[in-house]
Amino acid sequence: MPVFHTKTIESILEPVAQQVSRLVILHEEAEDGNAMPDLDQSVRVVKVAVDNLVKVGYDTVDSSDDQILKQDMPPALKRVEESSNSLLEASELLRADPYSGPARKKLIEGSRGILQGTSSLLLAFDESEVRKIIRVCKNVLDYLAITEVVDRMDDLVTFIKNLSPVLTRMTKEVDYREKELTHQIHRDMLIRSLEQVKVLTPVLISSIKIFITASQSDQGVQEAQNNRDYTVRKMSDEIHEIIRVLQLTTYDEDEWDEDDITVMKKAQNVIEGKMKPASDWLRDPAALIGSLGDKAVHQIIEDSRKIAERCANPGDAETILRSASNVESMVNALSELRQQGKGSSESADFLSRSIQDQLMKLQQQTAQATISTERSGIRKPAPTVDGKVEQARQWLANPGLDDNGLGESATRLVVSEGQKVASCCTGPQRQELLKLCEESEILTNQISELKKKGQGHGPQAKAIARHLDEKLTTLKVKVQDALVSQVTEDFIDTSTPLKFLSEASIVLIGTPGRDDNFEDRVRQFQEQSLRLANTANSVATAGGCRDKQTVEAIFKNSSQLRDLTPQVIYAARIVFLNPNNQAAVEHFNHLLKKQWSENMDKVRSLVDEALDSEALIRAQEQGILRDTEKVEEGIRAEDPPKIVAGAANIARRADRVLQMADMEVQNSDDPVFVNRVSKASVILSA
């Protein structure tokens, strides 16, 4: 994980950090009795560099119209100057006495002060640059907010003319910022959201156009409005996400898998570190909204809520959430007064003092809740089946130990997930899963009863626990096998229901059964989309994937699939009601269908990535053998539809194998493996 969040800051601070590290090493060596070397030349080089940096900093402040920058940067510049002078003084003292303890201490303090001060001023400047990008983003949001008043074609032309330049500028600036970041996670977030904005822009223009034409013909007006409003909302959501990510400077990749106590302690440390800048901001009537102190107040509120989410005692959580909401309301009121130029009024002064008191109280509440939760020993079940099974096995290793019900709760949730997956299966696989779930539930109940009787440490409880441990391990494997089979079947053909819906939407008016056929196709498409989204979510939860980004991406994209499905249906219905409206046909075919299909491909790719490729390919092989038998049965029975259906499935399964093989090739650095798989793929493709 990079220490600095942009490449510019990293390039400036990394050499400074190395110099500070060198001085620390020299300081430690001097404590062992060694004399400090003459640092006069090195210190003077640093002094010249610092003087130049300070001059550039003050010039930047003077030329900027960013009031927050003007407030945040001067203290950092002053600190750098003072630290540089301390460094110079230390060098002169050490020249007179190479063994001087106070001089060594002054040297270290000066070096660290330069590093911290330089970091602060670079961060202040960087935040100013981010605010410029955010202003451009908010300009785009302002234009999106007026889409509902665009109800004529000439209005649409004006809207596009005004929106295009600000949207282009936002795209360029966010794209440049993404390349400047050092955290790959943040870069990926910006790339994804910016790509969504690019995809949605033509959909937005088209949806407004369709709404105008539908209003004029009075056909499909509600569907067109739903399409337009959905697109505006999705674009706005993505731009708000861009704004959020632009302001991030850190990312904790481990928090997803971390114990609640660890997360709570990290949040508490952040709260304690933010108290001083928050108090400084509250005490200064002229302090600006959006400055570092203001952000510190909001960070404290955010982290207190993070702690509340993980409290073992619901009463503690309720108290913290209530205090956080009170502080937030008062901060909003104070911010409003300061924006009105009333920061020195009695009301503002009273609010400021009240917020300081409430922040201290909130800090005490979160600290106490963290301690109480740690002492309680209560933990929450893990987010995935793998994690829950691990928690259950820890309990079963010592069933008499009081773990506040975590192990039993995790066990029952694993059983519940197994039953959920079984409900989507058929035949022997379904029966096997349900039997395992039932047996696991019976064994869990038996241990629970023995614990209630105080016999949790007895031989009977331990024997049952060993048996249940085996059952849960088997259940986990069988659930993952079932999901592989489910993915193999559900994702074999993701395009046909959408193709049939498209065909049903353009059937000529007056054709017998036209309405019923269209509604059937709508229902089939809805059912397929829901099934695919549910299967994807099950894979994320129970498929055994331990990669946080993949799991989160599956949830996000399957949710988007659910959102897009009704929009595709609305667009199809507009075509169905206006089959001669070429704009409506293009909107459906070239925009929404394309968007849904691309999202579907992304979900399928993520699901393949989350599961074991070898298991998926073996499952497809078994499917091909089954379909081959059906084709042969069709040939013997002279049943052409059966032959065609079986042959089509074989081709689709082979195509899925090629997709997975290509994914493995893309992810491999082994040239021998890549060569062998590529050759096999060419043969299969032929």
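1. A good place to start is Ser558, which is buried, with a relative accessible area of 1% (buried means under 20% relative accessible area, exposed over 50% and partly exposed in between, with a 1.4 Å probe and protein chains only). Please keep in mind that this is a predicted model, where local features need pLDDT of at least 70, side-chain atom pairs count only at pLDDT 80 or more, and totals for chains, interfaces and linings use all residues. Residues are numbered from 1 along each chain as its sequence is written, and side-chain values use heavy atoms, leaving out hydrogens and water.

2. Ser558 belongs to helix α18, which covers residues 548-577 (helices are DSSP runs of H or I with at least four residues, strands are runs of E with at least two, and both are numbered from the N terminus). Within the chain as a whole there are 22 helices and 0 strands.

3. Now for the surroundings of Ser558. Its side chain reaches the backbone oxygen of Phe555 at 3.1 Å. Setting aside neighbours within four places in sequence, Ser558 is in contact with Ala533, Ala536, Asn537 and Val603 (contact means heavy atoms within 4.5 Å).

4. Stepping back to the whole chain, buried residues make up 45% of its 686 residues. Of the contacts between residues at least 6 apart in sequence, 75% join residues at least 24 apart.

5. On overall dimensions, the C-alpha atoms fill a box of roughly 105 × 85 × 60 Å, taken along the principal axes.

Methods
Polar contact = N/O pair within 3.5 Å; in protein donor to acceptor, adjacent residues only side chain to side chain.
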